[in-house]
Structure formats: C-alpha cells, structure tokens
Amino acid sequence: MSSQQNSSEIKLQVSYARPSSDTIKDANLYISGLPRTLSQPELEDMFACYGRIINSRVLVDQASGLSRGVAFIRFDKRAEAEDAIKHLNGNTPPGSSEPITVKFAANPNQTRNSQMMSQMYHGQSRRFGGPVHHQAQRFRFSPMSVDHMSSGGGSSGNSPSGWCIFIYNLGQEADEAVLWQLFGPFGAVVNVKVIRDFNTNKCKGFGFVTMTNYEEAAMAIHSLNGYRLGDKVLQVSFKTSKGHK
DNA sequence: TGTCATT
C-alpha cells in the first residue's frame, strides 16, 4: 500500500542537463512591471509563442506572498529570447495600465566582482552614522491608537501584510541599517530594502520599507519626507507603480 | 538634476 499520495501531488521533472553551447547561452530574460495578478502560467502564455520556454519564475515578496511584478524566463535559444524582447519589451499587457520591461537577465555571479570592489571603498561610509536616530525620535506617536485601519482599503503601497513605502534620494552608500534606523522609531517595520545597481553594487538612490500599520507608515512618511540624510533631502511616499501621470 | 525591487 502506498501511502505517499495525499490530496496534493507533486510532479518532479528530471532530465539530463543540457550541454552548454553558444546557441542556448544567455537566453534568460528578466521581466519587470508585470501586473501583480499575473500568474506563472499566464506569464508563460505571453511568451510561449516566441520559442520554447525552459523554465520561468515569478518573484514573490516574502512578507506579503504577492507577486513583485518581476519574473524570469529562460528560453531554449538566445534567438528566441531576442525575439521576445523585440515584441514584448515596452508592451502593455491586456488589462494592465503599465508597460512591461523585457531584457536579458544579469548573470548572478557578476555580483561577486562588484561586491569585492565595494569593499575596497570601505573608507567613507560613516557620513550618516550618528544623529539620524534622535532626529527621527522627535516625532513620537502613540501606538495605542492605531489599530483600526491597519491594512487594506487604500489604493497605493498596501498589501495584506503591510504598507510599502518608497524612499528616494538615498546616498550611494546607503544601506539597510539606515532604513531600519529611520523607520524603526515610527512603528513595526516588516522589511527594508536598498536597491543597488547590479554591476556596481552602489545604491541607485532609492529603497523600500514595508510597515505593518497604516498610521505608523503615514506618520513615518509625514515625518521623514523632506528629511535631510547626509547631503540629500529624502522623498518619502507610499509606493506607486511607476508612471503616475 | 530625478523615481519603483535581477531568481
């Protein structure tokens, strides 16, 4: 009696590794700006007519479990991937308001070089160290009063497990610790991320913070928008999906 | 000055 089969069934696909060759090299695509509602099969449907899809993945935000609107698709051949870029890059999928970006994915092991490079410039990263913390603490709030509109309902930046905040005008040396320091005093912070250039590993000037409670997030935004960090003035707002005309 | 996440 086999007891392995319950109500759910998992199928494993096993195959020989494909021999590496130039025609199948660099056939991996990075797609961003996808509708958050798009599932992996739907994604594959969009791309299937340009070639044979070897595999695909939709990135999911760990905190919320929702799609991040970013995906990868590996085609069988590079020419197929190029074709997909030509036809789909900049297109707006039916029912969406936002064009997608389709381009070749960066190779993850390129990161190593740049990370080593950034260690060599270790020298001057303490510029925002000290006073940041107590500046933010001046904006106290009362945590007792904030539970009635915790999540949901809004139209920007919210998700089942938090409110996503966009922070613009971070310095190149900014890191996650700075974001924790800035937003932590305002309430429950679920997650922070500094967006870095893939090649240089320098901060691209912006980042994201997810906070659990709407009122705390709103207070943080109110207080930190316009805040001077190092020699830059931050712009802080709920995350939008890009293009806000 | 300018803006949304690279498995």
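The legends below describe close-up views of a predicted model of a protein with DNA strand B.

**View 1. Residues around DNA strand B.** DNA strand B is surrounded by 20 residues, and the closest of them are N28, R57, F166, Y168 and K239. Of the strand atoms that come within 4 Å of the protein, 33% belong to sugar and phosphate. Sorted by class, the surface near DNA strand B consists of twelve nonpolar, four polar and four charged residues.

**View 2. Strands that supply the surface near DNA strand B.** At least two residues of this surface come from each of β1 (28-32), β2 (53-60), β6 (162-168), β7 (189-196) and β8 (203-211). The greatest share is that of β6, with three residues.

**View 3. Polar side-chain atoms at DNA strand B.** An N or O atom in the side chain of R57 is 2.6 Å from a sugar or linking oxygen of DNA strand B. Two further side chains are placed at base nitrogens of the strand. For Y168, the distance from a polar side-chain atom to a base nitrogen is 3.3 Å; for N169, the corresponding distance is 3.0 Å.

**View 4. The aromatic cluster of F166, Y168, F206 and F208.** These four residues form one aromatic cluster, and the structure as a whole holds nine aromatic pairs. One of the pairs is F166 with F208, which is tilted, at 5.7 Å centre to centre and 40 degrees between the planes. This pair links distant parts of the chain, since F166 is in strand β6 and F208 in strand β8, 42 residues apart. F166 counts as partly exposed because its relative accessibility is 26%, whereas buried would require a value under 20%. F166 is also among the residues closest to DNA strand B.

**View 5. The largest nonpolar core.** This core has 25 residues, and I165, I167, F183, V209 and M211 have the most contacts inside it. The elements β6, α5 (176-183), β7, β8, α6 (214-224) and β11 (235-238) each supply at least two of its residues. A second, separate core has 19 residues, including A27, A71, I73 and V102.

**View 6. Surroundings of I167.** I167 is one of the residues with the most contacts inside the largest nonpolar core. With neighbours within four places in sequence left aside, I167 is in contact with L179 and F183, with the run G205, F206, G207, F208 and V209, and with L234, Q235 and V236. Two of these residues, F206 and F208, belong to the aromatic cluster shown in View 4.

Key: Residues numbered from 1 in each chain as written. Chains lettered and ligands numbered in written order. Predicted model: local features only at pLDDT ≥ 70, side-chain atom pairs only at ≥ 80, totals over all residues. Heavy atoms only, no water. Near = heavy atom within 4 Å. Polar contact = N/O pair within 3.5 Å; in protein donor to acceptor, adjacent residues only side chain to side chain. Helix = DSSP H or I, 4+ residues; strand = E, 2+ residues; numbered from the N terminus. Nonpolar A, V, L, I, M, F, W, Y, C, P; charged D, E, K, R; others polar. Core = buried A, V, L, I, M, F, W, Y, C linked by side-chain atoms within 4.5 Å. Buried < 20%, exposed > 50% of the residue type's maximum accessible area, 1.4 Å probe, protein only. Contact = heavy atoms within 4.5 Å. Phe/Tyr/Trp six-rings, centres within 6.5 Å; stacked < 30°, edge-to-face > 60°.
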